[in-house]
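Student: Let us go through a few local features with the structure on screen.

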Amino acid sequence: MCRLSAITASEYTSVMEAIMALDTMKEGHDGSGLGVTLKDLGGEFESLKEYPILSGICNPVGRKKIDDYMEAKGFKVKFMWEPRITEVPGSSVTKRGQYLATAYQYPDAFMDKSDAEKATLLMQTRLDLRRQGEEDGSLYVFTFWPDVLTLKEVGDPLEVGEFFGFDKEPLLARTTLAQGRQNTNYAIYLYACHPFFLQGYCTMTNGENTAFVPNRDYLLSRKFEGYNGYNSDSEVFCHIMHFMHKQLGYPIQYYKDVITPLKDSEIAQRPEKDALLLMKRSLRQLCIDGPNCVIGFMPDGTVFMTQDSKKLRPGIIGGVPGKYALMSEECGVDQVIPNRNKDNDIIPMRYDFVTIAPGAQEVQVWNQLAG
Amino acid sequence: MESTGRLDHNSELSLLEFPYIIRWREDRCTRCGKCTAVCPTKAIEPSAMVQRIVHSDGATPLPATIRRVSHVIRQVRDIDRHCVGCGTCSLVCPNMAIVPEYNPNHKFLFHKNRGGVPYKRGGRRNDPATSTIDKLKFTRISMLTDPALDAGRHEFHIRTLLGRIPQAESLQMRVDGNRLSLADDGFIPPVREIFPIRIGGMSIGALSPPMWEGLAMGVAYLNEVENIPVVMCSGEGGLPPRLLKSRYLKYFIPQIASGYFGWDEIIHALPDMIEDPAAIEIKYGQGAKPGDGGLLMAYKVLKLIAKIRGVPMYVDLASPPTHQTKYSIEEAVAKMIQSVSMAWGFRVPVYPKISGTKTALAVLNNLARNPYAAALTIDGEDGATGAAFNVSMDKMGHPIASNLRDCYLELVKQGKQNELPLFAAGGVGKDGHLAANAAALIMLGASGVDIGKYIMQAAADCFGDEKNRCNLCNLGKCPRGITTQDPRLYKRLDADHVAERVVDVFKSAEVELKKIFAPLGRSTQLPIGMSDALAVSDQAIADRLKISYVC
């Protein structure tokens, strides 16, 4: 089972904190990979909030492809960042190529375009580059979005963190999602590694999604270009959130009603029962049957955690105002925020949908049954 | 020198030409006559035979040959009185002296067309081979990385939706604060939540009164006592007037077919209806006999049947092969769906049923564009019927598995897989694996399945099988009393017993479905289209159905 480590805070925190938390949960993952997605970046990126950052890996051929494509599209490089790679003999991590996070200025034609048009441009650019990379394995792109940075690599999470030089020069962010991968039923393929991202929505999960095929088929048939990939059965969790929140315009907590709908008799107790019943039927094929604990962030920086409704995977939230950790294991929370009142820790159950607004001042638990 | 009688008997059939040969044991037979009295085709008759026996009477052996006349049971060699292998004779025999035995080398079809009349029968396609849906296995078992559910402990919701389901994008939702509400009270198509196995269309008339009554009682009990919302289609021929005006109507799907039998009575009963029916099925085709209409023979049109159907007694009731008002799917079918919907104020799902066919996709595409079409039922070649030409049953039609799969994948392509439910029929439970067949079809993309022949076999012990056993449904001579209007025959059938068995069947099917879905890890929603759970050890089938091959 994969291990999950997320931190949301009012101040910038080091990515290494989330990785160290993963290390405390080491018994749970086999160290087959690490994926981190950071939002609301500090350090060198603090002054570049409005510039989309292209995160990925490439070899020289891929580098040229990226440069050519981005130039042709009219993107201008604003800032280039690369991790300070530290290769240690005996390490489980092998350098795959050049790890890059490049902030671009929008093409002139898009400078005054709406956010929606910019979002479409960024998604299409990422997908075009991904397709070019899939032809020859010369490049991977994970995210292309303002103030969001992603790194993924195979190996023990702590060793990957050290490989990226985070122990010496850590990336800083207010929101960090990190997943220590347990490689089970899929070959190690970077596009199958969490977290998954689409237009500001990002999720990671531990568990398996038995309803993957109906979920995937439904999303694919929405004819939205961003609903693709699906190298992992967990990618649908991110796209379902995108679909119901961005495309359908539903408030965030209805994610719970989409992926784990209530029984009709329970829906009858909710004030919006008419809308809910229709929604349940219309989105029947997005219902999941876990086990899954889903942790993610939204475009506005809200962080959430929820569970499937029957099997439940571990998930716990603890912290203090200004800093909360959302982990799959309590020892991870202890690592990040040892000095907290553990009595206030929250372990979401089948009806709970937990959110933490940007600024990380309080944890809100929304109960699906009560609505 | 030739004898006065002919020796060659060239114009007669030998018993070896017949599909079933009677094995009669003289030593056990008490000559009670029950077997000959009960035989539906009069294939056996009492006869006399001269026997030569060696006999000795004295204290010491003094064998002598004597001849004596004895009474025997003889199988007739008239093709129109062929033994159908039903085995009713062995059922009534007190001494286990008689039993029909299947003759795999028979030449029945070479001869069963006397008078230029092709062979007609009831039942389903005579192919005892394992059907495609029976070859499918469920191979995605949740193991360790993904704990299976407990069929006995977890809550399972084994229900499906019958009715057109609006696309989420088209729902008029409003966000008030942080809460959703419906923006207006525009038209929302009616949807029923039902058990995914339905009883398919079998008419009063085709079925005997106790059979139909037993099914209906069983369905009502399942809904009202067992909380399993099974629905049942009337078949063509209407519903009993009292049922139309009862609260039980909601468990029934009246069928409108090309003869419109019973619909005058249904329409006239509309003002007195206190419940809406579950749905309305418009039958355009039947899997067992695609392109054929129905025929209820005159001798089956007794008083009750005549009243329900609104016709005189004792006349042949032929339904045309196609609806006479239908000249184009775009117009007439759409109009028919809308007209019937309108009769119930658009509160009842109305859907067509077609035979499995290569042209199913054309029908589907049309229905996908018709906002009032509530579903599509496709009836595959292994569906059964009360009466049809043998050639129609054996050679016409399309297997359900690939037909359904093509339609589902087409809906996926259009993004309408959740909008227009598909129901599959034809051979479900053919080999007794009701729940497994239903689950396989669901994972190929069906929202539910229909059964007909299976419920006759399971609930009323129908003798029929795919070696052409019995299959006398068309003659009104059903030895079980299932498909006959002859009171002497149908009094053999106890409606209460049928109802009990209907309840047994659905309760056990629900348990079996749980036993299938639990290891797959699915419980909240029916795994419609969850094709990754399926596999087959036949590469060609795997390729065609786009599922995995295993060996």
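Student: Which residues does A:Ser282 touch, not counting residues up to four places away in sequence?

Tutor: The model is a predicted one. In it, A:Ser282 belongs to helix H9 of chain A. Leaving out residues up to four places away in sequence, the contacts of A:Ser282 are B:Ile165, B:Pro166, B:Gln167, B:Ala168, B:Leu171 and B:Asn418.

Student: Is A:Ser282 buried or exposed?

Tutor: The cut-off for a buried residue is 20 or more other C-beta atoms within 10 Å. A:Ser282 has 20 other C-beta atoms within 10 Å, so this residue is buried.

Student: Which elements of chain B help cover the buried residues of H9(A)?

Tutor: Helix H9 spans residues 273–282 of chain A, and its buried residues include A:Ala275, A:Leu276 and A:Ser282. From chain A, the cover includes helix H7 (254–259) and helix H8 (264–267). From chain B, the cover includes strand E7 (160–162), strand E8 (173–176) and strand E9 (179–182).

Student: Which are the edge strands of the open sheet in chain B with the order E6-E22-E23?

Tutor: Three strands make up this sheet, with mixed pairing. An edge strand here pairs on one side only, and that applies to strand E6 (137–138) and strand E23 (548–549) of chain B.

Student: In E23(B), what is the bridge partner of B:Val536?

Tutor: Strand E22 of chain B covers residues 534–536. Its pairing with E23(B) is parallel and runs over two bridges. In E23(B), B:Val536 is bridged to B:Tyr549.

How values were computed: Residues are numbered from 1 along each chain as its sequence is written. Chains are lettered from A and ligands numbered from 1 in the order in which they are written. This is a predicted model: local features need pLDDT of at least 70, side-chain atom pairs count only at pLDDT 80 or more; totals for chains, interfaces and linings use all residues. Two strands pair if DSSP finds at least two bridges between them. Helices (H or I, at least four residues) and strands (E, at least two) are DSSP runs, numbered from the N terminus. A residue is buried if 20 or more other C-beta atoms lie within 10 Å of its own, exposed if 12 or fewer, and partly exposed in between; C-beta atoms are placed from the backbone. Two residues are in contact if their C-beta atoms, placed from the backbone, lie within 7 Å.
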